[in-house]
Amino acid sequence: MSNENYSLIGIYGGTFDPIHYGHLRLAEELNELLVLSKLVFIPSGSPRLRNAPVASKHHRAAMLSLAIQNNETFMLDDRELWRDGESYSVVTLREFRKEVGSECALCFIMGSDVFLNLSKWYCWQEMFELCHIIVADRPGYLSILNNKMPSELTEELKGRQASSIDDLKESPHGFIFVAPTTLQDISATVIRESIVANQSVRYLTPEAVLEYIKTNRMYSGKEWNLKN
């Protein structure tokens, strides 16, 4: 296969509890930068290294679907929601690799804070045999945190860091690409806490998601005025 024939598929996991403009803007910037053929959002079912989601699996999938409905490049894949037991990204990547074969390069997206903990993930080194790691980074932020990086991860970064997007197209897996992205200081935790306090979260998440939260009395369990 000619190197230029590898198309890039983005894979973006998270609890999305709820999905907000920070998630969406990051996805849009990476979609444009990497020229992805598609970007797949994968809400996690039972994450191992963080607290359990507040919203149900059904609600998180529904909100995500509403948030991305007008972007033809964005897709929802809910396989982790219905998988028994804890969610392991490497299991999902194994499945994706079997489905797409060697025709595409898989690009697994994570923030720089998540990347610093990658060596704690289940079978984390196997991920490099299945995908590229795309680190969404504030300009220079990862360099500042470099002294906090585990030595084994530092070595992986040194040996695998891609110098350009073209490197990602030369192999279906194996590179780490640090992508400068715009910081969107929006937190799902703050959104949930604001809802409980009956404070406005307008312009933090799409209107369709806000309406869904209101209709289903999510996070507070009571009537909530979107116009507050």
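**First stop: helix 1**

Select glutamate 29 and show what surrounds this residue: setting aside neighbours within four places in sequence, glutamate 29 is in contact with Thr181 and Thr182. Keep in mind as you click around that this is a predicted model. Glutamate 29 belongs to helix 1. Buried or exposed, which is glutamate 29? Glutamate 29 has a relative accessible area of 15%, and buried means under 20%, so this residue counts as buried.

Now widen the selection to residues 21-34, the whole of helix 1, and add strand 1 and strand 2. Together, strand 1, helix 1 and strand 2 make a right-handed β-α-β unit.

**Second stop: strand 1 and isoleucine 9**

Hide helix 1 for a moment and colour strand 1, residues 7-14. Pick out isoleucine 9, which has its place in this strand. Isoleucine 9 counts as buried because its relative accessibility is 4%. What does isoleucine 9 touch, leaving aside neighbours within four places in sequence? Show Leu36, Ser37, Lys38, Val40, Val100, Cys104, Ala105, Leu106 and Cys107, and you have the contacts of isoleucine 9.

Next, draw a distance line from isoleucine 9 to phenylalanine 108. In sequence they are 99 residues apart, yet in space their C-alpha atoms are 8.5 Å apart. Leave phenylalanine 108 labelled, as we'll come back to it.

**Third stop: along strand 2 to strand 3**

Slide over to strand 2, residues 38-43. Five of the six residues in strand 2 are buried, so this strand is mostly covered. Strand 2 pairs with strand 1 in the parallel sense, over six bridges. To see one of the pairings, select isoleucine 11 together with valine 40, its bridge partner in strand 2.

Stay on valine 40 and look for strand 3, residues 74-76. Strand 2 and strand 3 also run parallel, pairing over three bridges. Here the partner of valine 40 is methionine 75 in strand 3.

**Fourth stop: helix 3**

Select residues 89-100, which is helix 3. These 12 residues reach 16 Å from the first C-alpha to the last, close to the 16 Å expected at 1.5 Å a residue. Which residues of helix 3 are buried? Show Ser89, Val90, Thr92, Leu93, Phe96 and Arg97 as sticks. They cover an arc of only 155 degrees around the axis, which puts them on the same side of helix 3. An α-helix has 3.6 residues a turn, so residues three or four places apart point the same way.

What do those buried residues pack against? Bring back strand 1 and strand 2, then add strand 4 (104-111), and you have the three strands involved. Now spin the view round to the face of helix 3 turned away from its buried side, where you'll find the exposed residues Lys98 and Glu99. One more click takes you to glycine 101, just after helix 3, which takes a positive phi of about 65 degrees.

**Fifth stop: strands 4, 5 and 6**

Here's where phenylalanine 108 returns: it stands opposite isoleucine 133 in strand 5. Strand 4 and strand 5 pair in the parallel sense over five bridges. Colour residues 132-137 to see strand 5, where six of the six residues are buried, so the strand is largely enclosed by the rest of the structure.

Turn on the side chains. His132, Ile134 and Ala136 point one way from strand 5, while Ile133, Val135 and Asp137 point the other way. In a regular strand the side chains alternate between the two faces of the sheet.

Continue to strand 6, residues 176-180, which pairs with strand 5 in the parallel sense over five bridges. Isoleucine 134 and phenylalanine 177 stand opposite each other there.

**Sixth stop: helix 6**

Find glutamate 156 in helix 6, residues 151-160. With 14% relative accessibility, glutamate 156 counts as buried. Its side chain is joined to that of glutamine 125 by a polar contact of 3.5 Å. Beyond residues up to four places away in sequence, glutamate 156 touches Trp124, Gln125, Phe128, Gln161 and Ile176.

**Last stop: a loop**

Finish at leucine 204, in the loop between helix 8 (188-196) and helix 9 (207-215). At 25% relative accessibility, leucine 204 counts as partly exposed. Leaving aside neighbours within four places in sequence, show His20, Tyr21, Ile186 and Ile191 to see what leucine 204 contacts.

Terms used. Residues numbered from 1 in each chain as written. Predicted model: local features only at pLDDT ≥ 70, side-chain atom pairs only at ≥ 80, totals over all residues. Heavy atoms only, no water. Helix = DSSP H or I, 4+ residues; strand = E, 2+ residues; numbered from the N terminus. Expected span 1.5 Å × (residues − 1). Buried < 20%, exposed > 50% of the residue type's maximum accessible area, 1.4 Å probe, protein only. Arc of directions from axis to C-beta. Contact = heavy atoms within 4.5 Å. Polar contact = N/O pair within 3.5 Å; in protein donor to acceptor, adjacent residues only side chain to side chain. Pairing = 2+ DSSP bridges. Right-handed = clockwise from strand over helix to strand, strands pointing away.
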